[in-house]
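Okay everyone, thanks for coming along. I'll walk you through one structure today, so have a look at it while I talk.

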Amino acid sequence: MKTLLGGIEAGGTKFVCAVGTGPDDIRALVRIPTTTPEVTIGQALAFFQEQTRQHGPLAGLGIASFGPVELHPDSPAYGFITSTPKPGWRNADLAGPFRRALDIPIGFDTDVNGAALGEKQWGAAQGLDTFIYLTVGTGIGGGALINGRLVHGLLHPEMGHFRPPRDAKADPFPGCCPFHGDCFEGLASGPALEKRWGQRAESLPPEHPAWALEAHYIAQALANYICILSPQRLILGGGVMAQGHLFPQVRAEVLRLLNGYIQAPALLEHLDSYIVPPGLGDRAGVLGALALALDAARPGRGG
Ligand code: ADP
Ligand code: ZN
């Protein structure tokens, strides 16, 4: 019998909670609106307690959270959401209530690190040990697995906030990041598209000039990630990437920006399988949380 795991994709809009063993075996799933920490965490906890009554203790729980989050296990704030502008959630203890109530191993990481791990376990990164998962949605964030390990370091990567050059003549929009204005997220997130063009990203037609500019910013980011981390694959998810026509534009622009310098067959001959959508589709987030649970439950890991 396979080990039953719990996962929480903790997002700014909703918490998706699931119990199962993997993509083909989700036994229960609920969506809980993100209101206050007390209410939302309380409802999520009640779900896992009910699941525990039905199935017995879960082997582990994974929490893949919006951020920024504290990931250092020896910090008093480990498992907390830290400097988020989201009302009520600044310095909220997210992992603690689950750790205290469930007494099982808990895996805690960023939403995108979780999604990266899920893609390695079951999706588009199987067999790879160095790759990036990037989401382009309400925000932009990247998770990285490098030499088989999720990158934590100082805090955790904030790939959405790198500073691309902006040609103010071609793109006078000053960006909408509250911290940086025209960082990558400030220029290319879903809300940035909406503010620049005055309509929701979903409603911009494929031939709209918005998309060539969007592909350019995404490609700038990817070209820089390629130079810095040498990923074996780049997986692009999130609501904005539902515009499938972006993929060929991004691929072409990455090649143009790198200009033949990086001589790798994956880039030069197999670009379609180098820059790809998530293998787990729109379930990358919640399955990423299950992958964090699987990792936490591994013998010798402890909670
Ligand atoms: P979140 O980032 O909140 O988890 P999403 O990844 O769905 O959620 O991102 C939501 C953002 O993506 C919104 O700004 C929305 O306008 C944009 N978006 C959602 N679907 C599409 C689509 N089909 N085409 C373009 N933009 C989209
Ligand atoms: Zn920023």
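I'll go through the ligand site, then two helix pairs, then a few spots in the loops and a strand.

One thing up front: this is a predicted model, so keep that in mind as we go.

Let's start with ligand 1. Which residues are around ligand 1? Going along the chain, we meet Gly 137 and Thr 138, then Gly 190 and Pro 191, then Arg 200, Ala 201 and Glu 202, and finally Gly 238, Gly 239, Val 240, Ala 242 and Gln 243. If you sort that shell by character, you get 4 nonpolar, 6 polar and 2 charged residues.

Now, some of those side chains come up to the ligand with polar atoms. Thr 138 has a side-chain N or O atom 2.7 Å from an oxygen of ligand 1. Glu 202 also points a polar side-chain atom at a ligand oxygen, and there the distance is 2.8 Å. With Gln 243, the partner on ligand 1 is a nitrogen atom, 2.8 Å from an N or O of the side chain. And how much of ligand 1 does the protein bury? On its own the ligand would expose 560 Å², and the protein buries 66% of that.

Next up, helices. Find H1, residues 37-55, and H2, residues 95-102: they pack at about 30°, and their axes are 10 Å apart. Angles under 35 degrees count as roughly parallel, so that is what we call H1 and H2. Their crossing is right-handed.

Now compare that with H6, residues 209-229, and H7, residues 246-258. What angle do H6 and H7 pack at? It's about 50°, with the axes 8 Å apart, and therefore this pair is oblique. The crossing of H6 and H7 is right-handed.

Okay, on to some backbone details. Here's a bit of background: most peptide bonds are trans, and most residues other than glycine have a negative phi. With that in mind, look at Gly 67 and Pro 68, which are joined by a cis peptide bond with omega about 0°. You'll find Pro 68 in the loop that runs between strand E4 (60-65) and strand E5 (80-81).

Then there's Asn 91, a non-glycine residue whose phi is positive, near 55°. Asn 91 sits in the loop between E5 and strand E6 (92-93).

Last stop is Asp 93, in strand E6. What does the side chain of Asp 93 reach at 2.9 Å? That's the backbone nitrogen of Gly 96. The Asp 93 side chain also makes a polar contact with the side chain of Arg 100, at 3.4 Å.

That's my tour, so over to you for questions.

Notes
Residues numbered from 1 in each chain as written. Chains lettered and ligands numbered in written order. Predicted model: local features only at pLDDT ≥ 70, side-chain atom pairs only at ≥ 80, totals over all residues. Heavy atoms only, no water. Near = heavy atom within 4 Å. Polar contact = N/O pair within 3.5 Å; in protein donor to acceptor, adjacent residues only side chain to side chain. Areas by Shrake-Rupley, 256 points an atom, 1.4 Å probe, with all protein chains shown as cover. Nonpolar A, V, L, I, M, F, W, Y, C, P; charged D, E, K, R; others polar. Axes fitted to C-alpha atoms, helices over the stretch in contact; angles between N-to-C directions. Helix = DSSP H or I, 4+ residues; strand = E, 2+ residues; numbered from the N terminus. Parallel < 35°, antiparallel > 145°, perpendicular 65-115°, else oblique. Left-handed = near helix turned anticlockwise from the far one by under 90°.
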